[in-house]
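Hi everyone, thanks for making time today. Please pull up the structure on your screens, and we'll walk through it together.

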Amino acid sequence: MHFKSLIIHPFLFAIFPIVFIFSYIPEVPINYLALPILLVSVVIFLLLILLKLLFKDSTKAGIMLSFLLILVIGYEYLHTELFGIEIEGINVGSYITLLVPFSIIFVLGIYYLIKTKNKLNNPSTVFNIVSIALIIVVTFYTGIYNLEDPEMKYSKNLEMLLLSDVEQTNLPDIYYIILDGYAGTDSLQKHFNFDNSDFISALSKRGFYMPSISYSNYPFTVLSVPSSLNMQYLNFLGEELGTELTDRHPIDEILQKNLVMKNLKSKGYHIVSFHAGTSADGSTLFVDEKLCGEKHYLNELRDLFVRFTPITYFIPLQSYHDKSYEILCTFSEIPNVKDGISQPIFVYAHMLTPHIPYIFDADGNPVTFSPTTIDQSTEKKFYLEQLKFVNKKVIETVDILLSKSQKTPIIMIQSDHGERTGIDWSNPTKEMIKQGLNNLNAYYLPNDGKNSLYDNITPVNSFRVIFNEYFNVDFELLDDKYYWVKSEERLYDQKDVTEILNEYG
């Protein structure tokens with residue numbers, strides 16, 4: 001068959017979003033792509049048959065289908081890239097703004113295809129070439145992306161805190177559990193009228209140390225987690241890159257290639273990260289397993305693919321999210337990571353709870369929550385119910401860990417920031433700053449390791465203390481500081497609010 005008569009472009013344009021998504025989430029197992037590619041191919045095949053019957057011309061049918069696919073993909077791409085950019089007060093990337101030019105192109109294109117008597121073999125050949133080129137480029141990009149470099153490309157001023165090469169034995173297992181948005185004791189009492197002392201007491205009875213003064217270093221996950229996993233503040237990024245920068249790649253790289261995992265990998269640790277309603281952080285250079293990701297990968301593939309189709313205009317993407325499996329799976333699997341593994345382990349479990357979406361009541365039963373239809377007071381009730389359930393699961397998990405461990409592990413349970421309902425980010429009061437930063441901070445350190453802790457320790461110093469205590473280094477402890485950021489769009493513009501919190505208590 002001659003290349004000009006081949007009609008492969010509709011199939012390639014249709015699977016392009018799937019291949020693109022694979023490059024966007026390179027950790028997705030390649031076998032997860034088979035089913036969506038098959039389903040899309042079947043749909044395209046059926047549509048081709050239908051259009052061929054309608055126009056009595058297979059080439060014209062193929063071009064019309066590819067034309068529609070290009071419009072849909074281009075519509076979503078421009079919306080994503082241009083959204084938020086305003087000209088004369090008009091958001092040029094909004095769906096409504098883009099609808100006008102795309103509707104005109106759609107009508108003119110369909111009119112031409114219906115009316116034209118010309119042979120369309122040449123345009124079909126061009127579509128074939130373009131679609132093949134797109135698939136090749138994205139596939140090549142994916143291959144390059146996966147050839148990871150362990151060294152940082154960004155952040156020249158990142159302090160390279162590295163462990164010594166001295167061989168060590170009997171290293172402890174380390175469990176780092178992050179409960180996203182878990183409010184500190186003071187905030188729960190003040191803003192929810194909830195006494196969390198039963199949970200705090202339960203941890204204390206099991207040997208946990210909890211500072212009476214507890215704040216995160218940042219009010220946003222995107223800064224607090226990279227900061228704690230690299231054991232340093234990130235305000236140098238603003239100095240390097242400018243406070244106006246909105247590109248997150250430098251922060252993402254610092255997170256994925258973080259020094260904690262890099263150091264532990266150098267000591268022979270088996271490193272496990274979890275999908276727990278969040279992405280499973282950590283570069284595949286360091287992380288050996290990323291667990292509880294089956295539904296996560298499928299949800300990510302489905303949601304991103306839906307964004308390239310008109311379905312997104314009728315069904316909110318949020319309705320596709322079911323985080324309960326990932327969170328319950330994580331609680332269930334944390335105590336089992338060590339099974340069959342002789343080397344020391346580092347378990348990193350960042351769970352999107354009690355943070356929104358609210359999917360559990362206090363007993364773990366599913367709940368239905370719509371953030372667009374309830375008031376702030378009702379939302380707080382959902383939050384508190386989910387927090388109570390998290391409390392039960394944490395104590396249950398800790399008990400299993402302590403009973404199963406042959407040697408006493410390190411367990412660190414923290415929240416990446418406080419609970420943030422009702423905060424005015426641009427003009428926060430002192431109470432709002434405290435609310436956004438008041439977090440949970442609990443340490444279980446064997447062999448009197450808790451003697452190295454102190455009452456206002458913050459996450460930036462957590463692993464410095466652990467490495468000093470158990471890995472024979474002498475990392476200098478930093479002054480515990482707190483930074484405020486007005487929005488997740490201005491992450492490099494960080495304001496030191498340490499004095500405010502120190503005065504406020």
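**A short tour of buried and exposed places**

Let's begin with a charged pair: glutamate 253 and lysine 257 are both buried. Their side chains meet in a salt bridge, with 3.4 Å from N to O. Before I go further, please keep in mind that this is a predicted model.

So how many salt bridges does the structure hold? The count is twelve. As a general reminder, side chains of opposite charge can pair when their charged atoms come close.

Let me pick out another of these pairs, aspartate 339 with lysine 404. Their side chains form a salt bridge at 3.2 Å, N to O. This pair ties together distant parts of the chain, 65 residues apart: aspartate 339 is in the loop between helix H13 (324-333) and strand E6 (345-351), and lysine 404 is in helix H14 (residues 376-404). Are these two hidden or not? Aspartate 339 counts as partly exposed because its relative accessibility is 46%. Lysine 404 is also partly exposed, at 37% relative accessibility.

Now please find arginine 490. Its side chain meets that of glutamate 244 in a salt bridge of 3.1 Å, N to O. Here too the pair links distant parts of the chain, 246 residues apart. Arginine 490 sits in the loop between strand E9 (483-485) and strand E10 (494-496), while glutamate 244 sits in the loop between helix H9 (236-241) and helix H10 (249-256). Arginine 490 is partly exposed, with a relative accessible area of 27%. Glutamate 244 has 57% relative accessibility, so it counts as exposed. Which residues are linked with Arg490 in a network of salt bridges? They are Glu244 and Asp493.

While we are in the loop between H9 and H10, have a look at threonine 243, which lies there as well. Threonine 243 is partly exposed, at 32% relative accessibility. Its C-alpha atom is 8.0 Å from that of glutamine 494, although 251 residues separate the two along the chain.

Next stop, helix H15, residues 430-437. This helix is mostly covered, with seven of its eight residues buried. The buried ones are Glu431, Met432, Ile433, Lys434, Gln435, Gly436 and Leu437. Let me zoom in on glycine 436, which belongs to H15. Why does glycine 436 count as buried? Its relative accessibility is 0%, and buried means under 20%. Glycine 436 also has a partner from elsewhere in the chain: its C-alpha atom and that of proline 219 are separated by 5.4 Å, with their positions 217 residues apart along the chain.

There is a similar story to tell about threonine 353. You'll find it in the loop between E6 and H14. Threonine 353 counts as buried, at 1% relative accessibility. Its C-alpha atom is 7.4 Å from that of tyrosine 182, and the two residues are 171 apart along the chain.

Let's turn to empty space. In general, rolling a probe the size of a water molecule over the atoms shows where empty space is left. How many cavities of 30 Å³ or more does a search of the whole structure find? The search finds one. The largest cavity has a volume of about 60 Å³. Which residues line it? The lining consists of Tyr176, Ile178, Ser216, Asn217, Ser224, Val225, Ser228, Gln414, Ser415, Asp416 and Pro459. Strand E3 (174-179) and helix H8 (221-230) each contribute at least two of the lining residues. H8 gives the largest share, three residues. Sorted by class, the lining of the largest cavity has four nonpolar residues, six polar ones and one charged one.

Last stop, the surface. There is a nonpolar surface patch of about 780 Å². Its members are Leu35, Leu38, Leu39, Val42, Phe45, Leu46, Ile49 and Leu53. Take leucine 46 as an example from this patch: its place is in helix H2 (residues 34-55). Is leucine 46 buried or exposed? Leucine 46 is exposed, because its relative accessible area is 52% and exposed means over 50%.

That's the end of my tour. Thanks for listening, and I'm happy to rotate the view for anyone who would like another look.

Conventions:
Residues numbered from 1 in each chain as written. Predicted model: local features only at pLDDT ≥ 70, side-chain atom pairs only at ≥ 80, totals over all residues. Heavy atoms only, no water. 1 Å grid on protein atoms, 1.4 Å probe; cavity = no way out; pocket = protein on both sides within 12 Å on 5 of 7 lines; lining within 4 Å. Points joined across faces, edges and corners; volume = space filled by probe spheres on them. Helix = DSSP H or I, 4+ residues; strand = E, 2+ residues; numbered from the N terminus. Nonpolar A, V, L, I, M, F, W, Y, C, P; charged D, E, K, R; others polar. Patch = residues over 30% accessible without salt bridge, like charges linked within 9 Å, V, L, I, M, F, W, Y side chains within 5 Å. Areas by Shrake-Rupley, 256 points an atom, 1.4 Å probe, with all protein chains shown as cover. Salt bridge = Lys/Arg side-chain N within 4 Å of Asp/Glu carboxyl O. Buried < 20%, exposed > 50% of the residue type's maximum accessible area, 1.4 Å probe, protein only.
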